[in-house]
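Welcome, and thanks for taking a look at this one with us. The notes below walk through a few side-chain contacts and the helices that carry them.

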Amino acid sequence: MNDFSIAMALVDYIPVFLFGAAAVLLQRDLYNKMSKGCFALFAAGTINVFIAGFLKATWKLLYAAGICDFTALDDMFFPVQSIGFLLVGIAVVAMLGFRQEKAAVLTVAPPVFTGTFVFVGLMVAGLGCMSVGLSIIAVRMKKGGAIAYFVIAFLCSLCMGYLSSQDFAQAYMNWMAEIINCIGQGTLLAGAFVLHKAGLADFQLK
C-alpha cells in the first residue's frame, strides 16, 4: 500500500516543471544546431519525459486525495520516461557527432518489458549521453561551471534509478526521491540557463 500525502503529490510536480523549463530553453537554443530529424528526436524525447512525469504526479494527487487509484498513469511512467530520455541522449550525441545536414538516426521500437530494470537502464543511458553532450558544449563555450550542474543532475538520476528498486510504500522513501529529483531537475535547469545566458542559441558548435 502506497503512503502518499497531498503535499507529497504536489511536490512531485516541481521537478516535472523544472525539467519542462530546462527542455524549453534547450529546444530554443539547439533548434538551429540540429537537423530536422535530430530535433524531432530531441523534442519528442523531452515531451515524453515531461508528460510521463506530469501524469505520474497526477496519479499521486488523485490517489492521495482519495479520488481514484488510476494505476495506468503510474504503469506508463517508466516506459515513456526512459524512452524519452534515450531519444534525448541520441539526439544530443547525433548533434555533436554527425554533420546535421546529413544526419540520420535509425530507431527500432523496443520490445515490451514488464519489469523496471531495463527502463532504468535506458533512462540512465539517455541522461548520461545528454549530460556528457551538454558538458562538451559547456567546455566549448568556456562555461566550465555549467558542467558541475550537469554532473549533479546525472548523479541524481543514478540515485533515482537506485531508489526505484527500493520499497516505495514508505513515506520517507518517497520524500527522499522527491528531494533528489527536485535537486536533479533544478541543476539541469541551472546548467541549461547558464548556457542560454552565455548565448548558446548563436554559438557555433562546429
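## Helix H2

How many residues does H2 have, and how far does H2 reach from its first C-alpha to its last? This is a predicted model, and in it H2 has 18 residues and reaches 25 Å, close to the 26 Å expected at 1.5 Å a residue.

A good number of positions along H2 are buried, among them Pro15, Val16, Gly20, Ala22 and Ala23. Towards the end of the helix, Leu25, Leu26, Asp29 and Leu30 are buried as well. Tyr13 and Phe19 also belong to this buried set, and both return below as members of aromatic pairs.

## Aromatic pairs

The count of aromatic pairs comes to 9. In one of them, the ring centres of Tyr13 and Phe54 are 5.5 Å apart, and the planes stand at 65 degrees; because that angle is over 60, the pair is edge-to-face. Tyr13 sits in helix H2 (residues 13-30) and Phe54 in helix H3 (residues 36-64), so this contact links parts of the chain that are 41 residues apart. The partners differ in accessibility: Tyr13 counts as buried at 14%, whereas Phe54, at 33%, counts as partly exposed. Tyr13 and Phe54 also belong to one aromatic cluster together with Phe17 and Phe50.

A second edge-to-face pair is made by Phe19 and Phe85, with 5.7 Å from centre to centre and 75 degrees between the planes. Phe19 lies in helix H2 and Phe85 in helix H5 (residues 77-97), so the pair ties together parts that are 66 residues apart in sequence. Buried or exposed, where do these two rings fall? Phe19 has a relative accessible area of 5% and Phe85 one of 3%; both values are under 20%, so both residues are buried.

## Lys60 and its two acidic partners

Now for the charged side chains. Side chains of opposite charge can pair when their charged atoms come close. The count of salt bridges here comes to 3.

Which residues are linked with Lys60 in a network of salt bridges? They are Asp12 and Glu178. Lys60 meets Asp12 at 3.7 Å, N to O. This bridge runs from helix H3 to the loop between helix H1 (6-11) and H2, across 48 residues of sequence. Lys60 also bridges to Glu178, where the closest N and O atoms are 3.1 Å apart. Glu178 belongs to helix H8 (residues 171-197), 118 residues away from Lys60 in H3.

The network lies among buried residues: Lys60 has a relative accessible area of 6%, Asp12 has 9%, and Glu178 is buried too.

## Lys56, between an acid and a ring

Lys56 takes part in two kinds of contact. With Asp74 it forms a salt bridge, the closest N and O atoms being 3.6 Å apart. Asp74 is in helix H4 (residues 71-75) and Lys56 in helix H3, 18 residues apart. Lys56 also lies over the face of Phe77, at 4.5 Å from the ring centre.

Why is Lys56 classed as buried while Asp74 is classed as partly exposed? The buried class takes values under 20%; Lys56, at 19%, therefore counts as buried, whereas Asp74, at 23%, is partly exposed.

Methods:
Residues are numbered from 1 along each chain as its sequence is written. This is a predicted model: local features need pLDDT of at least 70, side-chain atom pairs count only at pLDDT 80 or more; totals for chains, interfaces and linings use all residues. Side-chain values use heavy atoms; hydrogens and water are left out. Rings of Phe, Tyr and Trp (its six-membered ring) pair if their centres lie within 6.5 Å; planes under 30 degrees apart count as stacked, over 60 as edge-to-face and the rest as tilted. Helices (H or I, at least four residues) and strands (E, at least two) are DSSP runs, numbered from the N terminus. Buried means under 20% relative accessible area, exposed over 50%, partly exposed in between (1.4 Å probe, protein chains only). A charge sits over a ring if NZ of Lys or CZ of Arg is within 6 Å of the ring centre and within 35 degrees of the ring normal. The expected span of a helix is 1.5 Å times one less than its number of residues. A salt bridge is a side-chain nitrogen of Lys or Arg within 4 Å of a carboxyl oxygen of Asp or Glu.
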